[in-house]
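Visitor: I'd like a close look at one part, please: the salt bridges, and the elements that carry them. Take it slowly and keep it plain.

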Amino acid sequence: TRGPVLLGALRQGKVKGVFEPDPQRFVLIPGHARIRHEKLLERLQKAQAIAEKSVYNTIVPGNCKTGIIASSVGAAYAREVQERCEDKPHLLNLGFSFPLPEELIIRFARDLDRILIVEELEPLMENEITALLARRGVKSEILGKNDGYLPRLYEYHISMVREAVEKALGCKEKGREKPPALKEGQLNIPVRPPVLCPGCAHRHTYYAVGRALRSFTRGKVKPVYSSDIGCYSLGCGPPFFAADYLLSMGASIGAAGGFAQATEQPVVAFIGDSTFFHGGMTGLINAVHHQHNVTLIIMDNSTTAMTGHQPHPGISLPGNYKTVAVEEVVRGMGVDYLEVIDPGHLKKAQEVVKKALEFAGPAVVIARSPCILMLNRQKKKEGTPINVCRIQEEECTQCYVCLKNFACPAFYRVGESVHIDSGLCNGCGVCIQVCPAGAIEEVD
């Protein structure tokens, strides 16, 4: 969501502070932890007292003997449904939901026959409120996920909440007619899964690694792909299918070591430069110490692209910062096979990855190429032209390697012919190397 923001005067915070020692609070050896547990319970009691009076917990009165208790986006949907009902259920919006404001909930529920709990995912509030009312002798019936009125799966939407309110509480919206039934095929909208950007160097890396593995295994053994969190996670889908395991940031290398110990399959781990600094280094130290036979591909696009191009220690920044080169860290850990490649040079990248696969012990390949969005943004600032690619139709053999094997989103088909959308093409030019017929050219 985007919108205009008016900034007021910015307050200058304290530049420096003074640390006041409190070992019993901050040095949690077992003796201190026992004491702090008691303090924690005292603070939770204070928090509950605050919850009882919090302005974030609001009641919107209704005009019948039913009610809704909701939180988060579910409360917004419930409010919209409530406003349109002829018999309006009372609505308690819990903006301060932990600890639960028990007395407020008791006062709200005491005179109601049925209450629907609207919360996404697990029925945490529903179970707590059901137990609370039973303890306090309040006879209101609690409805929600446990009764099947709302699902535990997926995000909610307004229609889902409207249907639950109607079924569970009997409250119908005034003047609302059911929408006409859709004809079969009327909304035949193609699914659009998330994809790597046109020109993304991660695609080039996956393409080169896949070809190197096919040459290395000759199709006799299936490799194990251990992936990580970043843009490159999208390599899990077609046509690369380069993620068999993905758990948490930095886990790809440690998991790869486990696969190498437990199987005789070739193991390839993928991790981004930012994620490597965040949590991948300890896994690599372990792989070196145990001499795990893994091939690690560090996909270095010189930024934290997935979350908005934030910097990390491997990037040169103005000011009093010292850049920490990925290869120096890897070399310092004792890795014996280390190569830095430009994944845009497919043949060379494939050769280097194949040598890494043949190496006994941990081998690291740093695939370094800047994020194409960041690179082209800089070119636009500098006034540097960005060329695009196009297909020479008379040369194209309709082999569809560009579509099926390389899968850049800038490619599309019209009938049997293949084209490149110049509005999507970011001008990386790597597809020129991919086309077996030499039918792709770079143009202004």
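Guide: Let's get the element names straight: helices (H or I, at least four residues) and strands (E, at least two) are DSSP runs, numbered from the N terminus. This is a predicted model, where local features need pLDDT of at least 70 and side-chain atom pairs count only at pLDDT 80 or more, while totals for chains, interfaces and linings use all residues. Residues are numbered from 1 along each chain as its sequence is written, and side-chain values use heavy atoms, leaving out hydrogens and water.

On to the charges. Side chains of opposite charge can pair when their charged atoms come close. With a salt bridge taken as a side-chain nitrogen of Lys or Arg within 4 Å of a carboxyl oxygen of Asp or Glu, the count comes to 13.

An easy one to start with sits inside helix α6 (residues 158-169), where E163 and K167 are four residues apart, about one turn of the helix. The closest N and O atoms of their salt bridge are 3.1 Å apart. For accessibility, buried means under 20% relative accessible area, exposed over 50% and partly exposed in between (1.4 Å probe, protein chains only). E163 is partly exposed at 45%, whereas K167 is exposed at 58%.

Now for a pair that reaches across the sequence. R136 and E103 meet through their side chains, also at 3.1 Å from N to O. R136 belongs to helix α5 and E103 to helix α4 (residues 102-109), so this salt bridge ties together parts 33 residues apart in sequence. R136 is partly exposed at 38%, and E103 is partly exposed too, at 35%.

Follow R136 back into its helix and you meet a sheet. Helix α5 (residues 124-136) lies across β2 (66-70), β3 (90-94), β4 and β5, and runs at about 175° to β5; contact here means heavy atoms within 4.5 Å. For the angle, axes are lines fitted to C-alpha atoms, for helices over the stretch in contact, and values run from 0 to 180 degrees between N-to-C directions. The sheet itself is open, with five strands in the order β1-β3-β2-β4-β5 and mixed pairing; two strands pair if DSSP finds at least two bridges between them. β1 (57-60) and β5 (141-143) are the edge strands, each with a single partner, so one side of each has no neighbour in the sheet. On average, neighbouring strands are turned by 20° against each other, direction ignored. Strand β4 (residues 114-118) runs parallel to β5, joined to β5 by three bridges, and I115 stands opposite I142 in β5.

Another salt bridge brings R368 and E327 together at 2.7 Å, N to O. It links distant parts of the chain: R368 is in strand β10 (residues 363-368) and E327 in helix α10 (residues 326-332), 41 residues apart. Here E327 is buried at 18%, while R368 is partly exposed at 27%. This pair also has company, since D300, E327 and R368 are linked in a network of salt bridges.

One last thing you may wonder about is covalent cross-links. The structure holds zero disulfides, a disulfide being a pair of cysteine sulfur atoms within 2.5 Å. For C396, the closest cysteine sulfur is in C402, 6.5 Å away and too far for a bond. C402 has its own closest cysteine sulfur in C399, at 6.3 Å, which is again too far. C396 counts as buried at 18%, and so does C402 at 12%.
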